[in-house]
Amino acid sequence: MDYTRQIKDHWREQRLFTRRIIACSVIAVLLSGTVLTRLAILQLVNAEYYAAQSQGNRIRVQPLPPARGLIFDRNQNILAENTPSYQLEVTPEQVPDLEDTLTRLESSGLIKSESTGRIRNLIASKRRFDSIPIRQGMSDDEVARFAVLRPYFPGVEIRARLARYYPYGNIAAHALGYVSGISAADQEMLDPAEYAGSAYIGKVAVERAFEPDLHGLPGHQDVLVNVRGRMMQVLDTELAVPGRDLILSLDINAQMTAEAELEGRRGAVVAIDPSNGEILVFASAPGFDPNGFIRGLSREEFRTLQNDADQPLFNRALRGAYPPGSTIKPMLALAGLEQNSSLATQRVYCRGYYSLPGNPHRYRDWKPEGHGLINLHDAVAQSCDTYFYEMANELGIDIISRTLMDFGLGTSTDIDIGPESNGLVPTREWKRRNFSAPEDQIWFPGETVITGIGQGYLLATPLQLAHATATIAARGKRFRPSMVQGIRDPMTGAIAQRQPRELTPVHVSNASNWDQIVSAMEAVITDPRGTARAIGMDAPWSIAGKSGTAQVFSVAQNETYNKEELAERMRDHALFVAFAPVEEPRIAVAVIVENGGSGSGVAGPVARKVLDTYLGGAAL
Amino acid sequence: MMSPSGRRGAQSYGTTTHLLRRMHLDPQLMAGLLVVLALGMFVLFSASGNDADLLVGHVARIGLAALVMVVVAQINIAWMRRVAPWVYFAGLAMLALVLAIGDVGGGAQRWLDIGVRFQPSELMKLAVPAMLAWLLHDRALPPSLLLTAGMLLLIAAPVGMIALQPDLGTAILIGLTGAAVIFLAGIGIRYIVAATAMAFAAMPLLWYLMHPYQKQRVLTLLDPEKDPLGAGYHIIQSKIAIGSGGIFGKGWLNGSQGQLEFLPERSTDFIFAVIGEEFGFIGVTLLLLLYLLIIARGFVIAAAAQDTFSRLLAGSISVTFFFYVFVNTAMVTGLLPVVGVPLPLVSAGGTSMVTLLAGFGILMSVQTHRKLLPR
């Protein structure tokens with residue numbers, strides 16, 4: 001310590017202190033000036049920048065997904081709707097002990113033990129204040145069970161969300177399509193603003209083709225949020241515009257009949273109203289339950305669907321291209337009449353086979369002993385192959401293919417739920433372009449001959465066959481096939497009817513030619529020797545039809561073929577086309593049963609039942 | 001310079017002023033404090049998200065602190081000088097006790113539970129300058145180098161212990177208070193320059209001794225955008241709040257940053273940002289002016305004090321008050337790292353209000369217990 005103490009000079013010390021206080025004041029003013037300058041920079045110079053930042057902080061725009069449009073059949077039966085689906089949701093920040101909660105939910109059977117890993121990942125990927133669905137599609141029983149346990153699970157809630165539901169399940173699945181989660185590929189196609197908040201998108205058929213109508217427009221809520229994103233106040237709400245409802249031309253009863261008939265088989269049934277092109281039945285078997293896609297198929301389930309040899313996801317009605325077989329004979333007969341072919345007016349002797357002049361190759365008739373002397377009417381009714389071999393040879397491939405194309409074969413029908421298969425109508429030009437070897441690029445007369453009975457290169461979809469049959473029924477008038485009849489605005493209830501679109505008609509020089517064809521097709525069912533006489537029994541309405549049996553497997557020359565020995569999948573496809581009532585046709589139908597064997601025996605009865613259900617209504 | 005009010009006689013003041021004088025309270029200081037405290041209540045109500053309970057608690061603390069201030073003002077400054085060393089060493093002992101057994105609050109040991117929860121570091125805010133002033137009161141000034149070294153030791157002991165709690169903000173403030181006493185005692189400018197140079201040289205060592213979160217705060221100050229959701233979040237949100245207030249502010253209770261809790265610690269250390277947001281540049285400028293007026297009054301009282309102890313104590317308390325205001329506003333505006341220093345008289349919470357008003361009680365005691373000496 002300092003012992004040589006100085007004398008205190010009070011006056012001097014006070015002056016020193018005052019100087020120091022002044023120095024402090026100056027420093028204080030300078031430092032305050034620094035802070036004020038800083039404030040001026042923030043609040044005066046950069047005020048706008050920070051104001052924008054603070055706006056962005058507090059306002060969040062939350063999308064309100066629209067309710068998807070409903071789908072009805074022509075009689076107001078609901079085919080696709082939105083049902084409240086109960087799901088368990090957890091908000092992590094409100095849960096005291098997440099692990100314990102999950103364990104207890106698992107032991108009470110509300111979540112499956114195999115899904116807890118997925119749930120943990122899901123929770124980890126979300127924000128703590130998000131409500132995270134951990135279990136969808138709860139049953140009433142489970143909802144009740146949880147209601148009792150609720151007090152023991154803070155932060156866990158049951159919420160009702162709208163989910164697509166197809167009350168008919170498998171029925172009409174290939175017509176309706178289904179909705180499913182938005183995939184990365186979908187994401188690229190759509191406007192993200194329109195799908196903000198939407199979980200599902202239409203995948204195929206009607207759900208896909210009419211997605212813009214069905215989806216609707218999302219609304220939004222501008223909400224004031226706090227720093228945790230928790231909603232504090234709704235500033236502005238713009239309600240979602242629900243999607244438009246679709247009224248299909250489909251008749252669900254006839255559809256159910258068709259699908260019941262196809263049960264256990266592979267095949268398709270398409271029925272069209274000849275007066276306007278409306279699709280009445282659109283069945284493809286086997287089908288699938290579209291509700292599975294909403295629930296979310298497990299990897300296992302999806303693999304089973306995809307790898308099934310029967311290809312349940314394949315839309316046979318739209319994309320299955322089959323040799324049409326004898327079902328094209330009425331169209332060829334019409335061409336013969338139009339061309340004033342000598343065959344059309346005279347009889348031909350059928351001895352069970354046909355050979356081209358100067359060629360020993362025998363084109364066999366389905367009836368080995370032959371039909372004897374036969375004219376056009378009987379040749380259609382009895383499906384005489386020999387007659388049409390000769391007819392084809394006389395007409396030549398150019399006229400045959402042009403006629404078939406006039407009926408819509410070989411090109412897209414432009415149905416509103418495409419894309420579809422075009423089928424194939426072979427021409428000389430087609431052969432030249434599609435074969436590489438020069439010797440194969442020539443059209444051979446033999447190829448014309450087999451085209452005459454709907455074999456060879458010729459391929460048609462069930463939809464095309466139904467369309468062609470409807471064209472015959474409407475005597476040449478053609479309409480674009482359409483699945484959707486009307487679109488209803490759910491806000492006003494107004495239905496915008498979709499007008500039938502007429503296509504280029506099949507032109508005939510003499511209208512009586514139609515009468516001859518139709519009468520021959522009626523004889524298929526009414527004539528004692530008609531191929532399908534069995535299906536016309538006790539019919540309350542007149543039916544015109546044509547059977548077809550398409551070879552899948554070529555039988556070598558000089559060999560008889562034994563159905564039993566052929567593997568099931570080598571058997572012929574069974575086809576049948578029909579329309580009714582003949583006088584004023586209201587329905588035209590095409591049936592294909594893959595490897596069904598006989599057209600009249602297997603496909604015919606299916607067609608009859610569909611006609612009866614549609615024409616007879618629910619009574620039959 | 002104002003003439004010492006005592007000489008003008010009581011008759012020149014109104015009856016209220018007269019009453020205040022007789023209660024040993026300084027009218028000018030009282031006016032300034034009351035205005036800031038009242039404004040502070042409004043701001044705090046808004047900053048707490050309209051939390052009336054919090055406001056009631058705040059008002060209760062102000063009441064307690066005001067009582068302490070009035071009591072302190074009655075105590076003759078000479079008596080304070082006599083007890084200063086005892087209080088200082090008692091405080092030091094309590095600090096040691098806190099480190100040994102103290103309660104953990106906010107991640108740091110600061111509290112001592114003696115019936116009421118009590119922070120010894122708050123006591124040291126007044127005890128340290130009082131101790132230094134006691135040491136210097138009958139010595140010739142400026143102090144010798146040896147004496148200065150002794151004072152630095154007396155400062156370093158409590159500062160070190162408080163920094164260990166860890167409470168860097170308070171430690172720095174007490175260090176600065178001690179430094180203010182040394183500066184006011186008239187230490188030579190060359191020593192100050194030398195000390196500053198040494199402080200800069202010691203920075204790497206300080207860096208080494210800092211806790212990771214303290215280092216983070218310094219790094220964050222240099223580049224807040226680097227960690228916008230972590231350590232930089234405070235500064236970014238605070239700057240948005242202040243900047244978006246503009247000239248006139250968004251209006252009381254209308255600051256979205258504060259009301260919607262984007263601003264962390266909005267009712268305590270970052271309340272200045274709420275003022276900036278809701279009252280704009282005009283509001284913060286006025287508040288700063290009010291603070292400067294209070295400080296100016298403190299300097300006047302210190303300059304007019306009659307003995308070395310009063311002078312140094314009053315001066316250092318005023319300087320410390322300024323440090324409070326400056327460190328807090330500079331930190332909230334992003335000029336200084338985030339050290340936990342509340343905005344004096346406005347921020348909600350704790351012992352600091354009591355300490356602050358006790359300090360002003362000392363200033364009032366200095367002003368009102370003077371012997372009426374002719375000049």
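Visitor: How many helices and strands make up the secondary structure of chain B?
Guide: This is a predicted model, and what follows is computed from it. In chain B, 51% of the 375 residues count as buried, and among contacts between residues at least 6 apart in sequence, 72% join residues at least 24 apart. The secondary structure of this chain comes to 15 helices and three strands.

Visitor: Which helix gives the largest share of the side of chain B that touches chain A?
Guide: Across the two chains, 44 residues of chain B are in contact with 39 residues of chain A. Among the elements of chain B that give two or more residues to this side are helix 7 (145-164), helix 8 (168-184) and helix 13 (271-304). By class, the side has 25 nonpolar, 15 polar and four charged residues. Its largest share, 11 residues, comes from helix 13 of chain B.

Visitor: Where does the largest nonpolar core lie with respect to the domains of chain A?
Guide: This core has 128 residues, and those with the most contacts inside it include A:Val206, A:Val269 and A:Val589. Helix 17 (residues 385-406) of chain A gives the largest share, nine residues. Because domain 2 (62-244) and domain 3 (252-300 + 317-619) of chain A both give residues to the core, it lies between domain 2 and domain 3.

Visitor: Which residues are in contact with A:Val270, leaving aside its neighbours within four places in sequence?
Guide: A:Val270 is one of the residues with the most contacts inside the largest nonpolar core. With those sequence neighbours left aside, its contacts are A:Ile279, A:Val281, A:Phe282, A:Ala317, A:Pro462, A:Leu463, A:Ala466 and A:Ala590.

Conventions: Residues are numbered from 1 along each chain as its sequence is written. Chains are lettered from A and ligands numbered from 1 in the order in which they are written. This is a predicted model: local features need pLDDT of at least 70, side-chain atom pairs count only at pLDDT 80 or more; totals for chains, interfaces and linings use all residues. A nonpolar core is a set of buried Ala, Val, Leu, Ile, Met, Phe, Trp, Tyr and Cys residues joined through C-beta atoms within 7 Å. A residue is buried if 20 or more other C-beta atoms lie within 10 Å of its own, exposed if 12 or fewer, and partly exposed in between; C-beta atoms are placed from the backbone. Helices (H or I, at least four residues) and strands (E, at least two) are DSSP runs, numbered from the N terminus. Domain bounds come from an automatic or database domain assignment. Two residues are in contact if their C-beta atoms, placed from the backbone, lie within 7 Å. Ala, Val, Leu, Ile, Met, Phe, Trp, Tyr, Cys and Pro count as nonpolar, Asp, Glu, Lys and Arg as charged, and the others, Gly among them, as polar.
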